[in-house]
Amino acid sequence: MTYILKPRFTVRPLTPAELSGPLLDQALWVFSGALGFPRRSGRVISFASTLRRHALYGGFRAFGAISLRGRLVGFSYGYSSQPGLWWREQISEPLSTEQREYWLGDAFELAELHVHPSAQGKHLGSELHDSLLRDVRHRTALLSVMHRSARARQLYTRRGWQTLVDEFRFVTEPQTPFSLLGLTL
């Protein structure tokens, strides 16, 4: 006898209006759970306005992992990198002129990829990553990852990302070490 298991999750594209509108509260639940922040912390509350702002950027694309009950349990999104955007300006400082030309000349910024702990270990992070970057029409992609995020670092390493800057601290989070990673698309 052969058993066919139904998938417990679907990964599908999300529109900017969907992620920053009706799914925003669920995205905040995923974000807080994945990063271990209390749901009502300032970091989570401020992420709502960040996500809304990012959804307006050129080249924005997003994917969501949806449970059988229709709940968002993971999401990824990014956009075309543009001069003058805060994150890009922050990460460009430690790069050499040659690195800036190559990595920032035609880049996609993978801004966020999170899976709620209740849905981790089911390859949703990999699916969200691959779906987001599939058909991206840029030469490179960039992201920053917290040092404490061992699972995220493993995911990116397995997918060919290379470390451009190993120890980086944003002015808004000077106590938290990040790495800047790049991927040639």
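## Helices H2 and H6 in a predicted model

Helix H2 covers residues 24–35, and its 12 residues should span 16 Å at 1.5 Å a residue; the end C-alpha atoms are 16 Å apart, which agrees with that expectation. The structure discussed here is a predicted model.

Within H2, the buried residues are Leu24, Gln26, Ala27, Leu28, Val30, Phe31, Ser32 and Leu35. These buried residues pack against two helices, H1 (16–20) and H3 (42–54), and also against strands E3 (72–80), E4 (107–115) and E5 (140–146). An α-helix has 3.6 residues a turn, so residues three or four places apart point the same way.

Helix H6, formed by residues 124–133, is mostly covered, with 8 of its 10 residues buried. Those residues are Leu124, Gly125, Ser126, Leu128, His129, Ser131, Leu132 and Leu133.

H2 and H6 are each followed by a residue with positive phi, as tabulated here.

| Helix | Following residue | Phi |
|---|---|---|
| H2 (residues 24–35) | Gly36 | positive, near 75° |
| H6 (residues 124–133) | Asp135 | positive, near 70° |

How do H6 and H7 cross? The axes of H6 and helix H7 (residues 150–158) come within 11 Å and cross at roughly 50°. This angle makes H6 oblique to H7, and the crossing is right-handed. On the H6 side, the contact is made by Gly125, Ser126 and His129; H7 contributes Leu155, Tyr156 and Arg158. By class, the contact of H6 with H7 comprises 2 nonpolar, 3 polar and 1 charged residues. Gly125, Ser126 and His129 are also among the buried residues of H6.

Definitions and conventions. Residues numbered from 1 in each chain as written. Predicted model: local features only at pLDDT ≥ 70, side-chain atom pairs only at ≥ 80, totals over all residues. Heavy atoms only, no water. Buried < 20%, exposed > 50% of the residue type's maximum accessible area, 1.4 Å probe, protein only. Helix = DSSP H or I, 4+ residues; strand = E, 2+ residues; numbered from the N terminus. Expected span 1.5 Å × (residues − 1). Contact = heavy atoms within 4.5 Å. Axes fitted to C-alpha atoms, helices over the stretch in contact; angles between N-to-C directions. Parallel < 35°, antiparallel > 145°, perpendicular 65-115°, else oblique. Left-handed = near helix turned anticlockwise from the far one by under 90°. Nonpolar A, V, L, I, M, F, W, Y, C, P; charged D, E, K, R; others polar.
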